[in-house]
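The following exercises concern a ligand and the residues around it. Please study the sequence and the structure before reading each solution.

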Amino acid sequence: MYSNLLEFFKKTFESKPIIAFAPGRINLIGEHTDYQEGFVFPAAVQFGIWVGIQKNQLPYCRLYSMDFEEEYTFDWKSFSPKKGHWSTYVMGFLAQLKQAGYPIAGFDMMIGGDIPVGAGLSSSAALSVSIGTALSELFKLNLNPLSISKYAQNSEHQYAGVNCGIMDPYASAFGKKDRALLLDCRSNQHQEIPIDLGEYSLLLVNSNVKHALADSAYNQRRAACEESVQLLQAHFPDIQTLRDLKNENLDEIEKLLPSSLFPKAKHVITECERVQLAANYLKQGDLKAFGKLINESHRSLSRDYEVSCPELDFLAEKAWNFPGVLGARMMGGGFGGCTINLIRKSQIKNFQERIDNEYLASFNRHATFISVEISSGAHIILGRD
Ligand code: GLA
């Protein structure tokens, strides 16, 4: 991808680019907790987005997407990002830099990537982080990974209409090879935890569905958490988010919240605790105990938080009953995308055959399988001369 992009950039724009890379992410555990300032446990993967960029001394920016085989030109002094188009992520990032007073000028940009589409590996976060990394290098802005993550998150809020948390761009910006990030979404600081799975590995199973309600349901879940916090503050005046509550408070909380809100709050509170436990089990090398937490996370996301779907439930439940699988759960926002499975390497082939057959028989579509390697976060591949 990298050498294709380099050659194609030179041919198209007749100059040599700076090239930045930012990866997609997985999440080991800690789902739908980031926007309540809770804990998450993501890692960067080997797939990502490459952005080639160079100044063009022109009053406009020329963009080219290798995936869409489409170009897009806009006046960099006056533009407005248009929703739903890939160029939004470039203009969304640039608009924020302009607003913050950073000096920018005309540039040419080429974008390419190899993140499996629709798998829930956060290709849009990777795109924004790659764009930010490239712009920072080109204009010598010295943006640190946390500011890049925040700009990326804000682009998603303002221009894509999803009120997501910080997890996806953070993992893309800070990822480290063979390490997962135990991230506290209040302080925005993380601890790197080495991941050594021995004879086990992480395998994603892509359901190849994305149900249409995903974005609106996401925003509704976030709003439900905020409503619970408001109601609970009368009784727990010191809390700012659900992250401030513990499993031992659940009996009291159940009496204070309507039955529509309680299970949602319960998910966030118990999931934060599961993340802490999971990190400890991984440090001790207890993969079995870690796997059980993964399964509990799925049950909580499905029954209490209600962000799963029949396809994901099917894939998780089949995996639980398969010998050699220590844990399986839906990953990411939900309503489609992948499950993440902790599976004995020697069983992968049998597992894939069986799961694909059964999934096809029940849903009339194939499951696809993605082996992930925990890899480095965003970086410059080809710098300024
Ligand atoms: C999406 C969002 C993240 C996070 C997850 C659920 O990936 O972008 O911020 O909330 O869903 O954990």
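A polar contact is a pair of N or O atoms within 3.5 Å; within protein, one atom must be able to donate a hydrogen and the other to accept it, and residues adjacent in sequence count only if both atoms are side-chain atoms. The model is predicted, so local features need pLDDT of at least 70 and side-chain atom pairs pLDDT 80 or more, while totals for chains, interfaces and linings use all residues. Residues are numbered from 1 along each chain as its sequence is written, and side-chain values use heavy atoms, without hydrogens and water.

**Exercise 1.** State which polar atoms lie close to oxygen atoms of the ligand.

*Solution.* Step 1: a polar side-chain atom of Glu31 is 2.7 Å from a ligand oxygen atom. Step 2: for a polar side-chain atom of Asp168, the distance to an oxygen atom of the ligand is 2.7 Å. Step 3: Gly333 places a polar backbone atom 3.3 Å from an oxygen atom of the ligand.

**Exercise 2.** Explain why the ligand lies between two domains.

*Solution.* Domain 1 (2-195 + 375-382) and domain 2 (200-372) both contribute residues to the shell around the ligand, so the ligand lies between them. These bounds come from an automatic or database domain assignment.

**Exercise 3.** Describe the setting of Asp168.

*Solution.* Step 1: Asp168 belongs to helix 5 (residues 167-174); helices are DSSP runs (H or I, at least four residues), numbered from the N terminus. Step 2: apart from neighbours within four places in sequence, Asp168 is in contact (heavy atoms within 4.5 Å) with Arg25, Ser122 and Ala125.

Definitions and conventions: Helix = DSSP H or I, 4+ residues; strand = E, 2+ residues; numbered from the N terminus.
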